[in-house]
Amino acid sequence: MTVKRTRGLTAALAGITGLVACAGLVGCAGPEANANTETPALERFYSQQLDWKACGEPKLDEAGAQCADVTVPLDYAEPQGPTLTVAISRIAADPARKHGVMLSNSGGPGGAGLDFMVDVGKAMTPDVRARYDLIGMDPRGVGRSSPVDCHWPRGIGLHSAGVDATSFAESVAMQGDLAARCATTEAARLPYITTRNTARDMDVIRGIFGVDRISYYGTSYGTYLGAVYTQMFPERSDRFVLDSAADPDQYGVVGMMQAMGPANEAALDLWADWVAARDGEYHFGSTRAQVRDTVHGLIRRAADKPIRLGEYEIDDHWLPMVLFVGLDSPDQYEMLAGQVRKIADAADGKPVEVDETLDATLGFALRARPRDNSSQMAIMCGDVAAPRDPQFYWRNIEAARADQPVFGALANNITPCAFWAPPAEPLTVVRNSVPALIVQSTGDTRTAYQGAVAMHNDLSASRMVTLEDVAIHWIFGRYQNSCVYSAVNTYFRDGTLPATDITCQAD
């Protein structure tokens, strides 16, 4: 899931199984006595002194941020064993008005987040911004934080199954190959690149800052990470805002991906309406149905013969991914229409120049540039097991095609998790009464609306702010809305949740 165009697909993919029984398992309701933190064996991590220095990235340096490396154990059960580095950034609070420390996560999973709070901080009112040390973080295995690198030939472990059984067989082979590459290159570390261990890393950071509790802002997968932290460390949780929330009960590549299918088909309808109203410019048809027929036909053509676009060949596995990336915000409709127009022209043999944004998406997806995002699969596959039988996925794909002609084969496709080693720990069951503010749009294409409702129910003391009739993923700091922004800023400023749930309209 997280969602800056400059990062191509990596950050665009937002939070991607089932709920395990609670009896006797780590991660069930209430404080976790065995969270493995602040024990004598871990004291050296909690008490370490950080060496703050310039971050060496223009966006962070211009914001006045400093960066440091935190040392954490690879395996919290073996704190004397190997360690990892977790890179963090800090934009300091006003000492005279400081309330506390706010950690963050930009989503993915696998999204680098060192500069994330630069954007989020701009959405804060000045008095709120002054109250917190804003902490960006590349989670373990990501970015500057001892990154997982499986040396994949392409960038991501998600793609469409395509139009038929032959294409699906290609998917099975591709995903098995990606998993095998990770097992070859990263087998010793993969069991520990997990959400639960990232939550433990967050608590080490809390201890280093010398505060009893942390506040938090997370979006997409970052909402799941935040919820896991509240489950593992309820007494250490202060003001938590979970923006575009994942369903903790369906977390994993199966449940969360399946929920994206209907949401993206609905968003494709909205985009098709927008394009149809501009048929004079794009020439895809003057009605929703005509635009959709054009898209469906283009995918079939890509299956018959991959579409050459510059150095890239786009087939039925990857054309739906271009649509998927472009549909997570109405602000991207024009960009997406232009990209699809280029692809259609290329299919007709016309000369086409690949623009910067499309090159970033295709370069990442098809060439792993600037590097692959194997850390995304490391986290999700390491958190929860996925079904192993390819026929499970094929049956779901075929069942979804009628109602989800574009995205059913993406949302139900097999992933590398089907070939992964079993998780080292049980899935965290989120059931607690830690206060939190959940923010969600009804048209979210990455973390579907019903998932946020489930998160709201699982966090029984939470309040929910719903932005109606907008297909946007990640609101605060990305999509201006006075009602949502006011609720978030009020909570961060005063620690006061709304008296009841709130419904907001587009400005």
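Two strands are said to pair if DSSP finds at least two bridges between them. Helices (H or I, at least four residues) and strands (E, at least two) are DSSP runs, numbered from the N terminus.

The model shown is predicted: local features need pLDDT of at least 70, side-chain atom pairs count only at pLDDT 80 or more, and totals for chains, interfaces and linings use all residues. Residues are numbered from 1 along each chain as its sequence is written, and side-chain values use heavy atoms, with hydrogens and water left out.

**View A. The whole protein contains 19 helices and 12 strands.** The radius of gyration, taken over C-alpha atoms, is 22 Å, close to the 23 Å given for 507 residues by the globule rule (2.2 Å times the number of residues to the power 0.38), so the protein is as compact as a globular protein of that length. Along the principal axes, the C-alpha atoms fill a box of roughly 65 × 50 × 45 Å. Of the 507 residues, 61% are buried (under 20% relative accessible area, 1.4 Å probe, protein chains only).

**View B. An open sheet is formed by 10 strands.** The strand order is 1-2-3-5-4-6-7-10-11-12, and the pairing is mixed. At the edges are strand 1 (53–54) and strand 12 (502–504), each of which pairs on one side only. Strands of a sheet pair through backbone hydrogen bonds, either parallel or antiparallel.

**View C. Strand 6 (214–220) pairs with strand 4 (100–105) and with strand 7 (237–245).** With strand 4, the pairing is parallel over 4 bridges, and Ser104 stands opposite Tyr217 in strand 6. With strand 7, the pairing is parallel over 6 bridges; here the bridge partner of Ser220 is Ala245. In strand 6, 7 of the 7 residues are buried, so this strand is largely enclosed by the rest of the structure.

**View D. Strand 6, helix 8 (residues 221–232) and strand 7 make a right-handed β-α-β unit.** Right-handed means that, with the strands pointing away from the viewer, the path from the first strand over the helix to the second runs clockwise.

**View E. Strand 7 runs parallel to strand 10 (residues 437–441).** The two strands are joined by 3 bridges, and Val241 stands opposite Leu437 in strand 10.

**View F. Helix 19 (residues 482–494) lies across several strands, including strand 4, strand 7 and strand 12.** Helix 19 runs at about 165° to strand 7; axes are lines fitted to C-alpha atoms, for helices over the stretch in contact (heavy atoms within 4.5 Å), and angles run from 0 to 180 degrees between N-to-C directions.

Methods
Buried means under 20% relative accessible area, exposed over 50%, partly exposed in between (1.4 Å probe, protein chains only).
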